[in-house]
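Let's take a look around this protein together. Here are the sequence and the structure, so keep both open while you read.

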Amino acid sequence: MSDCIFCKIVRGEIPCRKVYEDDELFAFHDIHPVAPVHFMLIPKLHLASLQEVNGSHAVLLGKMLVLAAQLATEQGLDDGFRTVINTGRGGGQEVFHLHIHIIGGGHISPMVRRE
Ligand code: 5GP
Ligand code: ZN
């Protein structure tokens with residue numbers, strides 16, 4: 001996707017603080033972190049959201065989860081971390097290239113507030 005900002009980051013057209021790269025996956029720090037450690041893990045393949053995936057992406061998605069935990073540990077999140085995937089406008093997604101947020105290192109509030 002030529003005008004997708006995360007595809008541009010993968011291609012090096014927009015600078016980022018890279019955490020990891022291999023043939024299929026790319027990870028970089030969020031430009032507006034919500035915690036001391038906040039990075040995103042994305043497939044290089046442009047998939048707009050989790051609602052775009054099908055069975056052919058199962059291995060790729062599995063690799064993302066395995067790598068998420070490995071990178072979190074490498075970033076010092078030994079005590080745990082939060083993973084977030086916002087999906088679609090109804091899920092608060094702002095950048096329409098599938099990504100997993102990996103967040104930790106500070107106070108993590110309850111994800112859903114029950115009034
Ligand atoms: P979403 O709301 O789609 O789940 O999250 C998109 C995330 O991308 C946001 O946390 C936002 O801060 C981050 N972001 C948006 N543009 C850029 C950018 O150009 N560089 C980086 N590193 N992060 C970005
Ligand atoms: Zn993209």
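The protein has 2 helices and 5 strands. Start at the N terminus and walk along the chain, and you meet them in the order α-β-β-β-α-β-β. One thing to keep in mind is that this is a predicted model.

**Overall shape**

How does the radius of gyration fit with a compact globule? For 115 residues, a compact globule would come out near 13 Å, and the protein has 14 Å, so the two agree. If you put a box around the C-alpha atoms along the principal axes, the box is roughly 40 × 30 × 25 Å. Of the 115 residues, 37% are buried.

**The zinc site**

Now find the zinc ion, which is ligand 2. Which atoms hold the zinc ion? The sulfur atoms SG of C4 and C7 coordinate the zinc ion, together with the ND1 atoms of H46 and H97, at 2.0 to 2.3 Å.

Why is this arrangement called tetrahedral? The 4 donor atoms subtend angles of 106 to 117° around the zinc ion, and four donors count as tetrahedral if all angles lie between 85 and 135 degrees. The angles here fit that rule, so the arrangement is tetrahedral.

Along the chain, the donors follow the spacing C-x2-C-x38-H-x50-H. One pair of donors links distant parts of the chain: C7 sits in helix α1 (residues 5–10), while H97 sits in the loop between β4 (82–84) and β5 (100–104), and the two are 90 residues apart. Both C7 and H97 are buried.

**Around ligand 1**

Next, move over to ligand 1. How many residues surround ligand 1? There are 16, and the closest are D30, E94, V95, H99 and H101.

Some backbone atoms sit at short range from ligand 1, and you can check them one by one. An oxygen atom of ligand 1 is 2.7 Å from a polar backbone atom of E94. For V95, a polar backbone atom is 2.9 Å from an oxygen atom of ligand 1. With I31, the partner in ligand 1 is a nitrogen atom, and a backbone N or O atom of I31 lies 3.3 Å from that nitrogen. On its own, ligand 1 has 520 Å² of accessible area, and the protein covers 84% of that.

**Buried or out in the open?**

Let's finish with four residues, starting in strand β3 (residues 37–43), where you find M40. Is M40 buried or exposed? Its relative accessible area is 4%, and buried means under 20%, so M40 is buried. F39 is also placed in strand β3. F39 has 0% relative accessibility, so it counts as buried.

After β5, the chain carries on in a segment that holds G106. G106 has 39% relative accessibility and therefore counts as partly exposed. R114 is found in the segment after β5 too. With a relative accessible area of 73%, R114 is exposed, because exposed means over 50%.

Each of these residues can also be paired with a partner elsewhere in the sequence. The table gives the separation along the chain and the C-alpha to C-alpha distance in space.

| Pair | Apart along the chain | C-alpha to C-alpha |
|---|---|---|
| M40 and A69 | 29 residues | 12 Å |
| F39 and Q75 | 36 residues | 9.5 Å |
| G106 and F81 | 25 residues | 9.5 Å |
| R114 and V84 | 30 residues | 19 Å |

Try picking out one row in the 3D view. For example, F39 and Q75 are 36 residues apart in sequence, and their C-alpha atoms are 9.5 Å apart in space. For R114 and V84, the separation is 30 residues in sequence and 19 Å in space.

Key:
Residues are numbered from 1 along each chain as its sequence is written. Chains are lettered from A and ligands numbered from 1 in the order in which they are written. This is a predicted model: local features need pLDDT of at least 70, side-chain atom pairs count only at pLDDT 80 or more; totals for chains, interfaces and linings use all residues. Side-chain values use heavy atoms; hydrogens and water are left out. Donors are N, O and S atoms within 2.8 Å of the metal (3.2 Å for Na, K and Ca); water is not among the atoms, so sites may look incomplete. Four donors count as tetrahedral if all angles lie between 85 and 135 degrees; four count as square planar and six as octahedral if opposite donors are over 155 degrees apart and all others between 65 and 115; anything else is irregular. Buried means under 20% relative accessible area, exposed over 50%, partly exposed in between (1.4 Å probe, protein chains only). A residue is near a molecule or strand if one of its heavy atoms lies within 4 Å of it. A polar contact is a pair of N or O atoms within 3.5 Å; within protein, one must be able to donate a hydrogen and the other to accept it, and residues adjacent in sequence count only if both atoms are side-chain atoms. Accessible areas come from the Shrake-Rupley method with a 1.4 Å probe; for residues, only the protein chains shown count as cover. The radius of gyration is taken over C-alpha atoms; the globule rule is 2.2 Å times the number of residues to the power 0.38.
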